[in-house]
Amino acid sequence: MAAIADLPRDERTARVVLSMIVEPDDSITGRLLARVGAVETIRLIDGDGAVPGMNRVDARMWRDHLTSTAGTDYLAARLKVAEQTGLDVLVPDDKDWPVSVNDLGDRAPYVLWTRSATSLLARPFTDRVTLTGARAATAYGEHISGSLSRDLAARRSVIVAGGAYGIEGAAHRAALAAGGETIAVLAGGVDRPYPAGHRELLDRVGDAGLLVSELPPGATPTRQRFLARGRIMAALSGASVVVEAGARSGSLNVAAETRRLGRGVGAVPGPITSVTSVGPHRLLQEGKAQIVTDASDVARLLGAGTSPSGAHMDHSVPAREFSYRPTHGAEPPSRSI
């Protein structure tokens with residue numbers, strides 16, 4: 001009977017397999033990957049011997065969690081379909097791999113699946129700015145997001161956002177309209193643009209800029225994957241700006257991840273009567289962000305960030321710990337790709 005360990009031909013393929021069976025932001029697997037490499041990590045998942053850095057109980061839980069998500073035949077079929085999509089796969093040794101995501105350490109992505117201009121990832125991380133904010137944005141917020149994006153694009157900054165409704169969609173549209181460059185970081189496979197209402201917009205981003213995801217083709221977004229995506233949005237750029245956000249907005253997670261990486265965080269003030277001003281105002285009140293009113297403020301944030309070395313990471317914002325709860329599991333074999 002074929003084993004999962006028989007699937008990888010090399011480190012690249014092994015990382016692809018990991019992206020299919022391990023959820024993003026799994027620091028336990030990431031720590032092992034950094035220690036022994038991808039091929040050996042797959043072999044350890046499929047075996048029953050000792051696992052470096054884990055006791056016997058933890059190793060069993062780790063294996064049970066990962067091997068229960070998909071069988072070998074399912075993974076083999078998924079690998080074949082992935083090869084047929086024509087999508088590019090980046091791994092850390094590739095020339096277009098964005099070295100700034102290495103600052104995530106054990107939480108770095110195993111691979112990055114991409115569509116179109118991967119060269120945008122090879123540029124200095126200070127050439128990229130993340131704009132994020134509320135999906136249920138106000139007209140004011142969308143106007144500010146578009147204005148910042150347009151002016152930053154004129155400064156030759158690459159606009160990074162998540163393709164969502166509201167603030168992020170406005171940022172992508174403005175960058176495209178200005179003839180600028182933009183990257184959409186997705187919480188699902190790049191072959192299934194989400195949200196569906198932004199399919200045309202994301203196709204345009206994929207044609208003129210770049211679609212990128214750490215999840216394999218066919219993967220669907222989940223709450224956990226949206227949260228995990230925040231660290232990628234933060235790590236790609238030299239600074240992140242929250243335009244509008246409610247008190248519990250996922251955009252605040254992007255800000256927290258950006259601070260942890262020691263990079264600049266900006267927040268746009270808004271009307272005190274608007275619930276979408278709560279997030280930015282809280283960041284400003286707590287001293288976790290600098291005020292942003294125009295593109296020149298963002299340029300100053302880019303100049304204040306640290307180089308992608310990890311040496312000045314702010315550990316006062318703790319990383320989320322990996323959990324073996326079933327809700328964090330990879331997609332079951334019954335889901336199509």
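## Strand S6 and its partners

In which sense do S2 and S6 pair, and over how many bridges? In this predicted model, the two strands run antiparallel, and 4 bridges link them. One contact can be named on each side: Thr-114 has Val-212 of S6 as its bridge partner.

S6 also pairs with strand S5, residues 181–185. Here the sense is parallel, with 3 bridges. Ala-184 finds its bridge partner in Leu-211 of S6. S5 and S6 also belong to a right-handed β-α-β unit. Helix H9, residues 199–208, completes that unit.

## Two covered faces

In a regular strand, side chains alternate between the two faces of the sheet. Strand S6 spans residues 210–213, and both of its faces are covered. Leu-210 and Val-212 are buried on one side. Leu-211 and Ser-213 are buried on the other. Val-212, the partner of Thr-114, and Leu-211, the partner of Ala-184, thus sit on opposite sides of S6.

## Salt bridges across the sequence

The whole structure holds 18 salt bridges. One of them joins the side chains of Arg-12 and Asp-94, at 2.6 Å from N to O. Arg-12 lies in helix H1 (residues 11–21), and Asp-94 lies in the loop between strands S1 (88–90) and S2 (112–116), so the bridge ties together parts 82 residues apart in sequence. Arg-12 is partly exposed, at 34% relative accessible area.

A second salt bridge links Asp-25 and Arg-231, at 3.7 Å from N to O. Asp-25 lies in the loop between H1 and helix H2 (27–36), while Arg-231 lies in helix H10 (residues 223–236), so this pair ties together parts 206 residues apart in sequence. Are these two residues buried or exposed? Both Asp-25 and Arg-231 are buried.

## A neighbouring pair and a network

Arg-150 and Asp-151 also meet through their side chains in a salt bridge, at 3.9 Å from N to O. Arg-150 is partly exposed, with a relative accessible area of 42%. Asp-151 is partly exposed as well, at 32% relative accessibility.

Which residues do shared salt-bridge partners join into one network? They are Asp-25, Arg-107, Glu-214, Arg-231 and Glu-257. The buried residues Asp-25 and Arg-231 are therefore tied to each other across 206 residues of sequence, and they belong to this network.

Note on methods: Residues numbered from 1 in each chain as written. Predicted model: local features only at pLDDT ≥ 70, side-chain atom pairs only at ≥ 80, totals over all residues. Heavy atoms only, no water. Salt bridge = Lys/Arg side-chain N within 4 Å of Asp/Glu carboxyl O. Buried < 20%, exposed > 50% of the residue type's maximum accessible area, 1.4 Å probe, protein only. Pairing = 2+ DSSP bridges. Right-handed = clockwise from strand over helix to strand, strands pointing away.
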